[in-house]
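User: Could you take a close look at one part of this structure for me, the aromatic pairs, and then place that part within the whole chain? A connected account would be lovely.

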Amino acid sequence: MSRELAEKLIKNHSLTVDEYKQLIDNYSPSLAEFLALEAVKARKEIYGNTVYTRGLIEISNICKNDCTYCGIRRSNKNCDRYRLTEDEILQCADEGYSLGFRTFVMQGGEDAYFTDDVLVSIIKKIKSNHPDCAITLSLGERSKESYKRLYDAGADRYLLRHETADKDHYEKLHPEAMSFDNRMQCLKNLKEIGYQVGCGFMVGSPCQESIHLAKDLKFIEEFKPHMCGIGPFIPHKDTPFKDEKQGTVELTCYLLSIIRLINPHILLPSTTALGTIDPSGREKGIKAGANVVMPNLSPVAVRKKYELYDNKICTGEESAQCKDCLSMRMKSIGYEIVTDRGDYKNV
């Protein structure tokens, strides 16, 4: 039955929520291997053996929100807070450009300092200095008017993980002040404005059941994001979920393959979280169907401070200065890192 469902997915790029749940519940190493081979085949037809890199700039770990799973949550008094200046962000982009990056991802907590005016200035300067580059923002929930201003200033993409497509589950991961409906509305607004939009979720988050993951897959199928970031849940010592079990590489890679088969064109990162819980995690993600890696361009002094979860990779091969190391790792499994904006391919 599971093999039949897998073949149905490969053919139709669609299953019902119940069928996705069955596919998850009936995980086996042999089925995962079959789906990974099919996912890689689908990706190669569109993207070949190329892996796109994004230069990640973590601009601030100050956040107004108090999400239960997150190490930079507002109530974490042990978090060593920082905020990059405009000059520091521009320097990161300049360094990244010289290293061969053609996409910069500005990611941060929901920090009130970064108003539209502040961000518009930064975006315009990066675009002026490096007009052949793409800018991706990952700065949480903002108004539609704010998203539009940032888009008009030159931002190309926006990453906003939906975290879970189940409202009850969402409420178990977030404080009352945050709204599942607003998160979904933000994603719709971003798409209407014209961004290349990314959503995503944690694998193995507390209270998560296979039905929640099935709803996530159906949401991705119906919403049709350009990008999707998923990674294993990793607990942080200073959160209420500090003693919860972490997610697995195996299930994460299985879901990466399924997402690739839902949308063969999707830009799919092999995340830092995968590399954190398994030294070969990012290679395993690529071999499951991913095609993006995101080394860190942030100043070395702040990398450890942007700690969403424990034991995050923050030096060595995670640093953009060691892009050659990452390139060699990808080459060892038959893939090539390219200097490219790495846009979503429609055809």
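Analyst: Happy to! A definition helps with what follows: two residues are in contact when they have heavy atoms within 4.5 Å of each other. Please keep in mind that this is a predicted model.

Let us begin with the rings. Across the whole structure, a search finds eight aromatic pairs. One of them joins Tyr 170 and Phe 180 in an edge-to-face arrangement, with 5.7 Å from centre to centre and 70° between the planes. Tyr 170 belongs to helix α7 (residues 167-173) and Phe 180 to helix α8 (residues 180-193), so this pair ties together parts that are ten residues apart in sequence. Both Tyr 170 and Phe 180 are buried. Ring pairs also link Tyr 147, Tyr 151, Tyr 158 and Tyr 195 into a cluster.

From helix α7 we can step over to a loop. His 169, which is among the residues that Gln 208 touches, has company there: Met 202, Val 203, Leu 213 and Asp 216 are touched by Gln 208 too, leaving aside residues up to four places away in sequence. Gln 208 itself sits in the loop between β6 (196-203) and α9 (210-223). With a relative accessibility of 16%, Gln 208 counts as buried, because the cut-off for that class is under 20%.

A second loop makes a good companion to this one. Gly 71 is located between β2 (55-60) and α4 (86-99), and its relative accessibility of 2% means that Gly 71 counts as buried. Between the C-alpha atoms of Gly 71 and Ala 214 there are 27 Å, and the two residues stand 143 residues apart along the chain.

Now for the whole chain. It has 14 helices and nine strands, and buried residues make up 61% of its 347 residues. Among contacts with a separation of 6 or more, 75% are between residues 24 or more positions apart. The radius of gyration is 19 Å, which agrees with the value near 20 Å that a compact globule of 347 residues would have. Along the principal axes, the C-alpha atoms fill a box of roughly 55 × 45 × 40 Å.

Finally, the surface and the charges. The accessible surface comes to about 13900 Å², and carbon and sulfur atoms hold 49% of that. There are 48 positive and 50 negative side chains, with the centres of the two sets 2 Å apart.

Notes. Residues numbered from 1 in each chain as written. Predicted model: local features only at pLDDT ≥ 70, side-chain atom pairs only at ≥ 80, totals over all residues. Heavy atoms only, no water. Helix = DSSP H or I, 4+ residues; strand = E, 2+ residues; numbered from the N terminus. Rg over C-alpha atoms; globule rule 2.2 N^0.38 Å. Buried < 20%, exposed > 50% of the residue type's maximum accessible area, 1.4 Å probe, protein only. Areas by Shrake-Rupley, 256 points an atom, 1.4 Å probe, with all protein chains shown as cover. Lys, Arg positive; Asp, Glu negative; His and termini not counted. Charge placed at Lys NZ, Arg CZ, Asp CG, Glu CD. Phe/Tyr/Trp six-rings, centres within 6.5 Å; stacked < 30°, edge-to-face > 60°.
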